[in-house]
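Hi,

As promised, I am handing over the structure we talked about. Please have it open while you read, and my notes follow just below.

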Amino acid sequence: MMPLRRWLRRLLTYPAVQGAGPFVLLVALWAVVVQLEIYPRTFFPGPQDVLRSFVNLVYKGVLPTYLQDSVTRLAVGAGAGICVGIPLGLLIGLHPASYRFFWPLIIFFQAIGDIAWLPILLIWFGFTLTTMTFVIVYTVIFPMIFNTALGVRTVPVEMIRAAQSLGASRWRVLVEVLLPGALPNVITGLRNGLGYGWRALIAAEIIVGTSGIGFMMFDARRSGSVVEMILGMILLGILWYVVDAWILRPAERATIERWGLVRQTP
Amino acid sequence: MEGLVIRDLSKTYYDIYMGQHVAAVEAISLEIAPGEFVAILGPSGCGKTTLLNMVAGFIPPTRGEILLNGRRIQGPGPDRGVVFQSFALFPWKTVLDNVAFGLKMRGVPREERDRIAREYIALVGLDGFEHRYPHELSGGMQQRVGVARVLANNPDLLLMDEPFASVDAQTRMTLQEELTRIWETRHPTILFVTHDVEEAVFLANRVVVLTPRPGRVRESVAVPLPRPRSWQHLIEDPDYKSLVARVLGLVRAPA
Amino acid sequence: MTPRDPSGVVAAAPAASRPRAAARRLEAGLWFAAPLVLLVLVWAAVVRFYHVPLRVFPAPADVAGALLQQARSGALAGHSWHSLRRVLVGTTLAVASSIPLGIAISTNRHVAALFTPILRFFSVLAGIAWIPLATLWFGYGFGAITFIIFNAVFFIVLYNTILGVTSIPQVLRDAARSLGANRWQVLTEVLLPGALPNIVTGIRTGMGFAWRGLIAAEIIATNAGLGYMLFLARDFYRTEVIVLGMILIGAIWVLLDRLILAPIERRTIERWGLTRAVA
C-alpha cells in the first residue's frame, strides 16, 4: 500500500485535480458549515439543497429558458458593442484629431456608467429588450474602444516602417500590420468587455427583467428563497468559466500564443 | 544620374524640454554610386540614424535634398529597403510570408511570390524554416529573415541601421561574413550605419565618418582591402589593422 | 532631442519647466472641456429645434434649474455625501485585505494553487450578483452597498497586486537576499515598492468599478445616495432631475479620477523614472 503522501502528490499532478480540487474543498467546507448549522438553514443552505433546486428548475423548464434569455441578450449586446467599439477604437487610435475630439466625451460618458442610464431608458423604452441591449452595449463599448486604441498605438513603429519600405500602402499597413498587431489587446478588451457586459446584464435583469438569471436571483430574494439565489450565482460563475475556457482562451491560443506576442498592459 | 545623391542635408528638431532648436545633422553631402558598399560611422548621437531615416523617407529633412537615380525622395518606398536593428519582422506571419511581403504588396500572385521568397530564404541559409514564426527563431536567424525580406523586393538601395547590434558577437561575425558574401555575388548598393569601427572596415568599400552632434561629414576613407574578405584572414592583416586605427582616430577625434 | 530609450519611454521633465508644465495642464484642461461644451450646445439646439417635451428629455436650462433647486434644499449634498462615504469605506476595506492576500499568493506557491481557481470563479460574481444575497445578510442600506463596493475593488486590486509582484524580476529579489535582506525586508524594500505602480493602477480602476456598482446598488437597495435620487426622480417623470443626476455621477467621477487618482498614479510611476501613457 503506497504511503499517503506520495499518493496525494501523484494525484495533484493531474490538471483536472488542480483545477477542480480547490472547488471540491470549498464545497466540502460549505457542506460542513451547513451541517453544523452555524447559520440558520434558511439563510445559508447547503450544496444538496442547491442541487435539488437545480434539478427541479430544469425539470420545470424554467432554468433553460432563463439561461437562454440571458445568454441571448449578452450575445446581442456584446456583438453590437464590438461592432461599434472596434472601429471607434481604431479611429481614435490612429487619427489624432479624432482622439482630441472624442476622448473627453468617451471619458465622461464612461463615468456616467450604464446603470445611471436606466431611469431615462425606462421612460423612453420601458421594460423591453431595447433597454437591456442598450445597457449591455454601453458597458461593452468602452473596454473595446480603449483596448483597440491602445493596441494600434502600441504597434512598434519599426514594424510600420518596415511595411512602408516594402511598398505597403496606407490601407495595407492597416490590414497587414496594425490590425494583427492590435489583436492581443483587442482580445483583452473583449475579455474585459464581456465580463462587464455580463455584470451589466445581471444588474439590468434585476432592475428591469421579466426573465433571465439575474431576474431569477432577485425574484428569489423577494420570495426569500436563498437556494435559488445561490444557484443563480453558481450558474453565473460556471457560465463565465465556460466563456473563458471555450471562447476566449482558444482565441488567445490561436493568435497571441501562436505568434509569441506579449500583451501591453494599459 | 544613377545612385544616391545627398546634397546639403540638414535636420533640426525642436526640443520641448530645452525650449530650443537642436541640429541633429548639418549640411551633409554625400554620393553613393550603384553597387557601392558604404558604411556610415560616428560617435553616439551623431545623427547617423537620423541620416538613414531621412534617406529611407521616414522623416523629412529640414533642408537639402536626397535624390535616388535622379528622383527626389518622397516618403518610404520599396526602392529603398530597410533592415532594422530590432528586425521588425511581422510576428503573425511565417518566415515565408514575411519574406514574400514586399512581393505581395506589389501584387505578385501567390505561387510566384512564394517561389521567389524560397530562393531568398535559401540564400540566407534558412531553408527548412519557411513555416516557422519569428518568435521561434534565434536573433541571428531573425535578422537573416529581415535581410531576405528586403532583398526579395529587389530595391535600388539597401539601408541597414546597425542591423547586427542586437545579436551576440559570434553570430554577428557570421552574419557579417554572410552579408559580404551576398554583396560580393550580387553587388547591391548598400548604406550601412554602425558605431562599430571594425565592422565598418570589414564590410565596406568606403567608410564615411561623421563628427559628433551635429553630424557633418568629417572624412571619407576608402577601404581597398581585397575581396573576398573573412575574419580569419583580416584579423591579422596589417593593412586592415592600420585602416581600423586610422578610422578609429577619426571617430574619436574631438569636434 | 529628448533622451529616448528603445522602449519608447521619455524621461520626466526637469524642474526648470514647472510653470510651463502648469500652463500646459491648464491648456489640456480646456481642450478636455471643449468637446463637452460643444455637446451641451448641440443638446440645447436639438431640444429647441425638435421641440422635445420635458417628459422625454430636458433642456440644459432645466437641468441647471434642477441643480440650483437641489443644491439649495441640501438634498444634493446629502445624496452625494452618502454615495462618497460608501465608496471610501468599501475601498479602504478592500485595499487593506487584497494587498496582503495578493502578496501571499504571488510569493507562496501553495497559497496560489489554492486560491487562484476559486478567485477566478468569484471574480465574475463581483458586485451586482451579490446584491440579493448581500441585502439578505447585511440588510438594506450601508452594509449591503459597502459590501458591493468592497467586492468590486477587492478583485481588481488583488489581481494588480499579483501582477505587480510577479513582474518584479527575480534578479532584484536575489540581489536583495545576497545583500543580507531577510524575508520581511525583501517584502518591504523590494516587493511592495516594486508592485506599487500596479497596485495604484488597480486601486484607480477598482474605484471606477466601485463607483458604477455603487449607483446600481443604490438604485436597488437603499433610500439615500445619488443612485437612489436618480430612481426616485424617475417615478415622478422628472427628467431634469434624472439628467442632473447622470451628469453629476459622471462629473464627480471624472473630477475624482482625473484630478486626484490619476496624478497619484502618475507620480508613483514617475518616481521610478518611467512615464507611461496613462488613460
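Of the 279 residues in chain C, 37% count as buried. Please keep in mind that this is a predicted model. Chain C has ten helices and zero strands, so to speak a plain run of α-α-α-α-α-α-α-α-α-α from the N terminus on. Among the contacts in chain C with a separation of 6 or more, 70% are made by residues that are 24 or more positions apart.

Next, the place where chain C touches chain A. Here 41 residues of chain A are in contact with 40 residues of chain C. On the chain A side, helices H2 (15–35), H5 (96–112), H6 (118–125), H9 (170–208), H10 (213–222) and H11 (226–259) each supply at least two residues. Which helix gives the most to that side of chain A? H5(A) does, with eight residues. By class, the side of chain A that touches chain C consists of 33 nonpolar, five polar and three charged residues.

H10(A) deserves a visit of its own. This helix is mostly covered, with eight of its ten residues buried. The buried ones are A:Ile213, A:Gly214, A:Phe215, A:Met216, A:Met217, A:Phe218, A:Ala220 and A:Arg221. What do the buried residues of H10(A) pack against? Within chain A, their partners are helix H4 (62–94), H9 and H11, and from chain C they are joined by helix H5 (131–138). After H10(A) comes A:Gly224, which has a positive phi, near 70°.

While you are looking at helix H4 of chain A, you will find A:Val62 in it. Is A:Val62 buried or partly exposed? A:Val62 has 14 C-beta neighbours inside 10 Å, so it counts as partly exposed. For a sense of distance, A:Val62 and A:Ala168 are 106 residues apart in sequence, and their C-alpha atoms are 56 Å apart in space.

Now to chain B. The domain assignment splits chain B into domain 1 (4–79 + 156–252) and domain 2 (88–154). The C-alpha centres of these two domains of chain B lie 25 Å apart. Where they meet, eleven residues of domain 1 of chain B are in contact with eight residues of domain 2 of chain B. On the domain 1 side, helix H6 (residues 169–186) of chain B gives the most, with five residues. That side of domain 1 of chain B has seven nonpolar, three polar and one charged residues.

Chain B also has a sheet that I would like you to see. It is an open sheet of six strands in the order S6-S7-S8-S3-S9-S10 (chain B), and the pairing is mixed. At the edges are strand S6 (80–83) and strand S10 (217–222) of chain B, each of which pairs on one side only. On average, and ignoring direction, neighbouring strands of this sheet are turned by 20° against each other. As a reminder, strands of a sheet pair through backbone hydrogen bonds, either parallel or antiparallel.

Within that sheet, start with S8(B). Five of the five residues of S8(B) are buried, so the strand is largely enclosed by the rest of the structure. Both of its faces are covered: B:Ile190, B:Phe192 and B:Thr194 are buried on one side, and B:Leu191 and B:Val193 on the other.

What pairs with S8(B)? Strand S3 (residues 37–41) of chain B pairs with strand S8 (residues 190–194) of chain B in the parallel sense, over five bridges. In this pairing, B:Phe37 stands opposite B:Ile190, while B:Leu41 has B:Thr194 as its bridge partner. Strand S7 (residues 157–161) of chain B is joined to S8(B) by four bridges, and these two strands run parallel as well. There, B:Asp161 stands opposite B:Val193 in S8(B). The helix from the domain contact returns here: S7(B), H6(B) and S8(B) make a right-handed β-α-β unit.

Happy to go through any of this with you at the screen.

Best wishes

Conventions
Residues are numbered from 1 along each chain as its sequence is written. Chains are lettered from A and ligands numbered from 1 in the order in which they are written. This is a predicted model: local features need pLDDT of at least 70, side-chain atom pairs count only at pLDDT 80 or more; totals for chains, interfaces and linings use all residues. Two residues are in contact if their C-beta atoms, placed from the backbone, lie within 7 Å. Ala, Val, Leu, Ile, Met, Phe, Trp, Tyr, Cys and Pro count as nonpolar, Asp, Glu, Lys and Arg as charged, and the others, Gly among them, as polar. Two strands pair if DSSP finds at least two bridges between them. Axes are lines fitted to C-alpha atoms, for helices over the stretch in contact, and angles run from 0 to 180 degrees between N-to-C directions. A residue is buried if 20 or more other C-beta atoms lie within 10 Å of its own, exposed if 12 or fewer, and partly exposed in between; C-beta atoms are placed from the backbone. Domain bounds come from an automatic or database domain assignment. A crossover is right-handed if, with the strands pointing away from the viewer, the path from the first strand over the helix to the second runs clockwise.
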